[in-house]
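Trainee: I've got this model open and I'd like to understand the labels people put on it. Can we go through a few together?
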Amino acid sequence: MLPEDALALFRRLGVDVRSISAGEFTAAYFALAKRYHPDRGNQQTHELMANINAARTAILKVRRAS
């Protein structure tokens, strides 16, 4: 996933990654995971959760490279 796409996904989900700290990003990710994880009873969120995980990975790579 491209970093721009990752940022757009998080923005659509209500998280402005560019304006928060690394700790706040982690907390936001876990809140989204808790809300959208398929094991929470909604199997339709499987693809969304996979995209959230891919976006998190892309964002963390960019932050580590900076």
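Mentor: Sure, and keep in mind that this is a predicted model. Let's start with Thr-45, which sits in the loop between helix H2 (22-36) and helix H3 (46-65).

Trainee: Why is Thr-45 called buried?

Mentor: Its relative accessible area is 10%. Buried means under 20%, so Thr-45 counts as buried.

Trainee: What is Thr-45 in contact with, leaving aside its neighbours within four places in sequence?

Mentor: That would be Tyr-36, His-37 and Pro-38.

Trainee: Now the helices. Why is H1 called oblique to H3?

Mentor: Helix H1 (residues 3-12) and H3 pack at an angle of about 125°, and their axes are 8 Å apart. Over 145 degrees would count as roughly antiparallel, and 65 to 115 as roughly perpendicular. The angle of about 125° fits neither, so H1 is oblique to H3. Their crossing is left-handed, by the way.

Trainee: Which residues of H1 make that contact?

Mentor: From H1 they are Pro-3, Ala-6, Leu-7, Leu-9 and Phe-10, while the H3 side includes Leu-48, Asn-51 and Arg-56. By class, this contact has 11 nonpolar, 1 polar and 1 charged residues.

Trainee: How do you know that the reach of H3 is close to the expected one?

Mentor: H3 has 20 residues and reaches 29 Å from its first C-alpha to its last, against the 28 Å expected at 1.5 Å a residue.

Trainee: And what do the buried residues of H3 pack against?

Mentor: H1 and H2. Among those buried residues are Met-49, Ile-52 and Leu-60.

Conventions
Residues are numbered from 1 along each chain as its sequence is written. This is a predicted model: local features need pLDDT of at least 70, side-chain atom pairs count only at pLDDT 80 or more; totals for chains, interfaces and linings use all residues. Side-chain values use heavy atoms; hydrogens and water are left out. Helices (H or I, at least four residues) and strands (E, at least two) are DSSP runs, numbered from the N terminus. Buried means under 20% relative accessible area, exposed over 50%, partly exposed in between (1.4 Å probe, protein chains only). Contact means heavy atoms within 4.5 Å. Axes are lines fitted to C-alpha atoms, for helices over the stretch in contact, and angles run from 0 to 180 degrees between N-to-C directions. Angles under 35 degrees count as roughly parallel, over 145 as roughly antiparallel, 65 to 115 as roughly perpendicular and the rest as oblique. A crossing is left-handed if the near helix is turned anticlockwise from the far one by less than a right angle, and right-handed if clockwise. Ala, Val, Leu, Ile, Met, Phe, Trp, Tyr, Cys and Pro count as nonpolar, Asp, Glu, Lys and Arg as charged, and the others, Gly among them, as polar. The expected span of a helix is 1.5 Å times one less than its number of residues.
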